[in-house]
Amino acid sequence: MTRIRVEPVGLDKNPQVNQLLEGLGLGRLEDAEVTSYRGRNDNWAGVTTSGRSVFVKQILGESGDIQKRIHHLAAFAALIQTQPPKHFATPQLLGYDLNHRIVVHEHLADTVSGSELAADEKFTEELATRCGRAFAELHTIPVEPYQADSGASPFPPKDDLKAIPGSGYANLSAGAIEAWALLHSDTAVAEAISDLADEARRYRSPVHADLRIDQIMVDSQDEMYVIDWEEFRLSDPARDIGAFAGEWLFKAINNIPSQISKHHSEQAEYQATDQEIVENGTAELDRLRPLIAAFWVGYTTANPAAGEELAVRSVRWAGWHMFDRMLAIADQSGRLPAASRAAAGIGRNALLFPEQFTTTLGLDAA
């Protein structure tokens, strides 16, 4: 399987792309030779007229926020130039245009993403262990304060936990309105997420800060890459660990309907009982937990200083990840899916009672 491709936006509509490429001495991209990958940002991938394989992305969003994100990925590129990581690679940053919000990286053409591997049941425990070593290495790279942003992260969105501005509310989908209503009605969860964001600023480890398994890539030579460093900053390493664990927890929850359907394939209108939902969710988490445990083994082996306190904080971040994924899905939905509501319920418990979930999530393996 290769990364999912779509029809790219015509380069004639974005002349700044080739202007930047030529300014960097990389040649030009031609429409006939360009492809694009599915994502929220316009992007172009291909070989330029000078023979350079490039991936170009034009980032969408507010100008000030985008410029910060570009500075973040440039800061990460500068850091690993002086301290190249041993346990993971990342595509080389070739240049960027702040005014037009365009970033150019080398193109990872012959790769498959972690999410695609997971869909094919090919994300192995060995790969999870490698991921653990990679992030332990990232989190322990010596960094001076001037080398990375240590300010507040936009995630979790603290202000939105209190209220959504009128201008923003008008652009929300019906599903997103349901999701935010769920958060706004649960004061304990809103306070727990806000506290998590505040506490993260006390830590000064270099972190990815927006990790999902589709940002882990593996090429045909089994080289592992980590991509999308736009939120790179100094923060709590637990947010990366929790995001990795949260990805598999969320996947387990979302697999419940398909697992129930397999057991009742001849009953199109079958309504599962609460017991069946719990049993299938437990079975799915049991099946996927070894991947989280393998990550934790890799992490703690590479960073022996990691211990129970970090594991507990990571569970809290896994709890936030449930809400983060819920909001992302709801933003594209006419209603809040039942699986997302279930994820929010589990996320609530992880946020409020994290000590009870380290074993459940496999974050106690030695």
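**An open sheet, two helices and an aromatic cluster**

In this predicted model, 4 strands make up an open sheet whose order is S3-S4-S6-S5, with antiparallel pairing. The edge positions belong to strand S3, residues 42-47, and strand S5, residues 93-97. Each of these two has a single partner strand, so one side of each is left without a neighbour in the sheet. On average, and with direction ignored, neighbouring strands of this sheet are turned by 15° against each other.

The pairing at the S5 edge can be followed residue by residue. Strand S6 covers residues 102-106 and runs antiparallel to S5, to which it is joined by 4 bridges. One of the residues involved is Gly-95, whose bridge partner in S6 is Val-104.

Two helices are placed against these strands. Helix H2, residues 63-82, packs on the sheet and touches S5 and S6. The direction of H2 makes about 155° with that of S5. Helix H1, formed by residues 15-23, lies across S3, S4, S5 and S6. Here S4 is the strand of residues 53-58, and H1 runs at about 55° to S6.

The aromatic side chains are a separate topic. Searching the whole structure gives 12 aromatic pairs. A pair of aromatic rings is described by the distance of the centres and the angle of the planes. For Phe-295 and Tyr-299, the ring centres are 6.3 Å apart and the planes stand at 20°. Planes under 30 degrees apart count as stacked, and therefore this pair is stacked. Phe-295 and Tyr-299 both belong to helix H11, residues 274-302, and because they are 4 residues apart there, about one helical turn separates them. Both residues are buried.

Tyr-299 also pairs with Trp-296. The ring centres of Trp-296 and Tyr-299 are 5.9 Å apart, and with their planes at 5° the pair is stacked. Trp-296 and Tyr-299 are 3 residues apart in helix H11, so they too are separated by about one helical turn.

How accessible are Trp-296 and Tyr-299? Trp-296 has 3% relative accessibility and therefore counts as buried. Tyr-299, at 1% relative accessibility, counts as buried as well. The cut-off behind both statements is a relative accessible area under 20%.

These residues of H11 are part of a wider arrangement. Phe-295, Trp-296 and Tyr-299 are linked by ring pairs into a cluster with Phe-123, Phe-135, Phe-244 and Trp-248.

Terms used: Residues are numbered from 1 along each chain as its sequence is written. This is a predicted model: local features need pLDDT of at least 70, side-chain atom pairs count only at pLDDT 80 or more; totals for chains, interfaces and linings use all residues. Side-chain values use heavy atoms; hydrogens and water are left out. Two strands pair if DSSP finds at least two bridges between them. Axes are lines fitted to C-alpha atoms, for helices over the stretch in contact, and angles run from 0 to 180 degrees between N-to-C directions. Contact means heavy atoms within 4.5 Å. Rings of Phe, Tyr and Trp (its six-membered ring) pair if their centres lie within 6.5 Å; planes under 30 degrees apart count as stacked, over 60 as edge-to-face and the rest as tilted. Buried means under 20% relative accessible area, exposed over 50%, partly exposed in between (1.4 Å probe, protein chains only).
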